Amino acid sequence: MASFRRLDHGAQWLALFLCLFALKSVSGQARYSIPEEQPEGSFVGNIAMDLGIDVKRMVSGNARIVTKGSRQYVDLNRDRGILVVKERIDREELCKKKTPCSFSFEMILENPIQLYRVTVEVTDVNDNTPAFQKEEIVFKIVETAAPGTRYSLETADDPDVGVNDIQKYMFKSSDNFKLEMQTQSDGSQIVEMVLETPLDREKNEEHSLILVASDGGVPQRSGTARIHITVLDANDNAPVCSKQVYKAEVQENSALGTVVTTVSANDADKGVNGEVTYYFSRVSKEDKQLFDINRKSGEIKVTGNLDYEVSKSYQLNVLASDHGSNSDTCKVIIQIIDVNDNSPVIQLMSFSSTISEDAPLGTTLAVINVHDDDSERNGVFECSISSDLPFKIESSLSGYYTIVTEEELDRESVSECNITLTVTDKGSPPLSNQKNIQIKVSDINDNFPRFEESEYIRTIPENNSPGFSIFTVHATDADWGQNARISYFLEEMEINGASLSSFVSVNAESGVISAAKSFDYEQIKKFGFNITARDAGSPPLSSVVSIKILVQDQNDNAPQVLYPVQTGGSLVAEMVPSSADVGYLVTKVVAVDVDSGQNAWLSYKLQKAADRALFEVGSQNGEIRTIRQVTDKDAVKQRLSVIVEDNGQPSRSATVIVNVAVADSFPEVLSEFTDFTHDKEYNDNLTFYLVLALAVVSFLFITCVVVIISVKIYRWRQSRILYHSNLPVIPYYPPRYSDTLGSGTLPHVYNYDTCRTTDSRKSDIKYNQPMSESLVSVDDVGTESAQNGLQRSTTSTLQKPPQNDWRFTQGQRPGPSGPHMPYGTQIRWTPKSGTRAAGGPEVTMGTGPWPQPPTEAEQLQALMAAANAVNEATATLGPGTMGLSTRYSPQFTLQHVPDYRQNVYIPGSTATLTSNPQQQQQQATAQQATQQALPPPQVSAQPEPPKAAQTPASKKKSTKKEKK
């Protein structure tokens, strides 16, 4: 059962007061008492209530238990504020025989840091049974032993303490011996067996006793050992130790085998009864592992690792015995000398690896516990850290240290600190230990962006292209991460009434300043603005820099002539008197250049002059002066061309015309200059007008071609409609067409009209299209057929023999103008090979060149003659015929075409064609006669071209030819 104990005894109160005074930094202390061997989770005490701490404070302060050792027997339940047993507590293992037995630990709370020391006393329970080291104890007693002789017995060992320790020894079934116990000054007990009655070997040679050791616990526990006594013959002298108490010192780091001391005893007997043997008596197992005694010499040596921190002294009981039953006991006290063999131990209790650079002074970074297991000066230590760091170490309480900030932190100067904590004790030689603590300083936005220059002055050539990169501004920020990410912005302002953004722009990321338009030096020579560099911190910080842009002049302007003024409508002339001497100032050409610098330096040159020997121009001032005396032979009108050039690269120039009149008065030269013709100036846009004119002409040409093609397509479609119709083809013979027999009133001609069927387009015919269309017009019927294959291969390659009309010479052919006939269709057969077959000799001799196309006058004359013939023939026509007036009427249609079976009138002739079979036979006979009269063709072996299928109209024409 746990309880908060108060110490009643005055000395204990005084000790407690001194402890509290030494530990003045401790916020409070608590003491509890629990029995050993409690199960895990057993209640120890309500520390929150005993120390007056709120449970919420324990949770928020992250309350925890800190122990020096590696084992933690008690755990803290923060939610309830109580202490519970964490693991099994064995008082004998924890304190051995030490009383009272307790252990201490600290409880730490953070924010703010508070430390409480807690002591838990472990009370003993009777959980161990007394045990003898030997189950059987053998004695050899001489029979002459006198009553009252004492024999030392080995005591039992009970790890418990207090009441639970061994309280009494007793014999079972003993007649000659009794048991006596003696308490020594150190509190230990010596058990001795006392002979009450003399022994008689002859009666009983051996005795057996039971030694019982009992403790005072509840329930009581006891252990037994059997004593075997052998009665010997007489050995009446016992060994006597030289000293009853031996004291020795040995260092804790002594090597194994180191001699601590030597125990000696003397025996007055001689021989075997005088030999003494040494043993450890009533020594614990742990002590026997640390020390050993030589049985013959009594030399005690170190056999284990001595540790001052475990035990500061050891007490050994040495039994000196002869070979008989005589013995003596002495005590050996060994003091352990402390050696500085333990380095200070550093334990990091609380630690923050990151600290903000704006942390206030005194901010705690770490809480450290340091302890040294050595004693006195060997256990005194000092803690230190590097002096060049902005931190210091402070002692909060015994063994606890805190590292706090001593100076203001600056991440830009020191972004990471490596704190080395060094702890050194005051032993000889001193031992030390180190621990490294890595601390990073977190950044805050405490640095403004900084430009590389305080003011930027840059130049840009004029006439730059929009988007031209002028230069790049760059700013740096000593902060880190987002706090060092810089963006660039223009400070909005107006320049000459325009927004700054219309002049320049800046890239927010790279800081590249680009021109937003093309600059003109003559309009703006320089301008200034501000750029803001702003970081991405919170809150953001910014800096402003001034920018000046100087526009660099380029030679982009030609000189401008101010005088003399060049006008288009009036004439300005400078008067030079006829008596002007050398160097006479005629006039001065005044010009300016809006550029600057050497681009505006002007020079003057005389480009053209009627008389170069009379005038000169000053190259620098533009003054026109005479270089000789003016004479009467000099022309009255003088025309000077002066060129003005600047000094730029490349140079630009302007030309001015100066008219000079050599006369004494203006009326003398008025008549001369009234007829003065000004030279025509070339238009600067001449190229544009030429290109425009070329485009217009091209457009008109393409339009005409499209129109012509459209008309051709339209006519072709009309011809296809007529081509597929079933209407007959009516032959039409214009005036002056007659037979070859000369039966008509008109002279012979050599032109023929063509009457073809719908299949005649397959023939290979080439002809010249007539100048005027006939009544029924079929276009393009004479073009070459597109058929290939067998039809093309069977095409006649022999020219059709001409009629007898071709035998007339050109002079004999009638017509308005000789051989030309306005309304004829010229026909010729062309073989496939492309060469025209020649006729017979007669044809060659009597035929002139082909007729040429008639002129307009000839066509008009032919029309007038045809009209007269129509008027004469109208009266002779009966019913069923049709006159030329009707034929040439605009209202003429196909319904006016007479039936091909009736009479057909041939204009210009008194003959009438009918469908009489007898007449057809006569015409056929006449035609055969005519054919026989013609000479045979020269190339008769070649086949004739295929004849087109005859229609009724073509039959009539054939009849007419036969009659001819």
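A: Before we start: a strand here is a DSSP run (E) of at least two residues, and strands are numbered from the N terminus. Keep in mind too that this is a predicted model.

Q: Okay, backbone first. Which residue after strand S33 has a positive phi without being glycine?

A: Look at Asn463, where phi is near 65°. Asn463 lies in the loop that runs from strand S33 (455-461) to strand S34 (469-472).

Q: Is Asn463 buried, partly exposed or exposed?

A: Anything between 20% and 50% relative accessible area is partly exposed. Asn463 counts as partly exposed because its relative accessibility is 42%.

Q: And what about Glu376, what is its phi?

A: Phi of Glu376 is near 50°, again a positive value in a residue other than glycine. You'll find Glu376 in the loop between strand S26 (364-371) and strand S27 (381-384). The cut-off for exposed is over 50%, so Glu376, at 68% relative accessibility, counts as exposed.

Q: Which peptide bonds should I check for cis geometry?

A: Try Val218 to Pro219, which is cis with omega near -5°. Pro219 sits in the loop between strand S13 (206-215) and strand S14 (222-232). Then go to Ser428 to Pro429, also cis, with omega near -5°. Pro429 belongs to the loop linking strand S30 (416-425) and strand S31 (432-442).

Q: Now side chains. Asp535 is buried, so what does the charge have around it?

A: A salt bridge needs the charged atoms within 4 Å. Asp535 has none: Arg534, the nearest side chain of opposite charge, is 7.1 Å away. There are polar partners, though. The Asp535 side chain makes a polar contact with the side chain of Asn445 at 3.2 Å, and a polar atom of that Asp535 side chain lies 2.7 Å from the backbone nitrogen of Leu541. For orientation, Asp535 is part of strand S41 (residues 526-535).

Q: Last one: how do I read the second largest pocket, and which residues lie nearest its centre?

A: The general idea is that rolling a probe the size of a water molecule over the atoms shows where empty space is left. In this model, the second largest pocket holds about 1,700 Å³ of space. Its lining has 40 residues, with Lys97, Asp157, Arg282, Ser284 and Asp287 nearest the centre. Elements that give two or more residues to this lining include helix H4 (91-95), helix H5 (285-290) and strand S22 (313-322).

Q: How does that lining split by class?

A: The count is 14 nonpolar, 13 polar and 13 charged residues.

Methods
Residues are numbered from 1 along each chain as its sequence is written. This is a predicted model: local features need pLDDT of at least 70, side-chain atom pairs count only at pLDDT 80 or more; totals for chains, interfaces and linings use all residues. Side-chain values use heavy atoms; hydrogens and water are left out. On a 1 Å grid over the protein atoms alone, a cavity is a set of points where a 1.4 Å probe fits but cannot get out, and a pocket is an open set with protein on both sides within 12 Å along at least five of seven lines; lining residues have an atom within 4 Å of a point. Grid points are joined across faces, edges and corners, and a volume is the space filled by probe spheres set on the points. Helices (H or I, at least four residues) and strands (E, at least two) are DSSP runs, numbered from the N terminus. Ala, Val, Leu, Ile, Met, Phe, Trp, Tyr, Cys and Pro count as nonpolar, Asp, Glu, Lys and Arg as charged, and the others, Gly among them, as polar. Buried means under 20% relative accessible area, exposed over 50%, partly exposed in between (1.4 Å probe, protein chains only). Lys and Arg count as positive and Asp and Glu as negative; His and the chain ends are not counted. A polar contact is a pair of N or O atoms within 3.5 Å; within protein, one must be able to donate a hydrogen and the other to accept it, and residues adjacent in sequence count only if both atoms are side-chain atoms.
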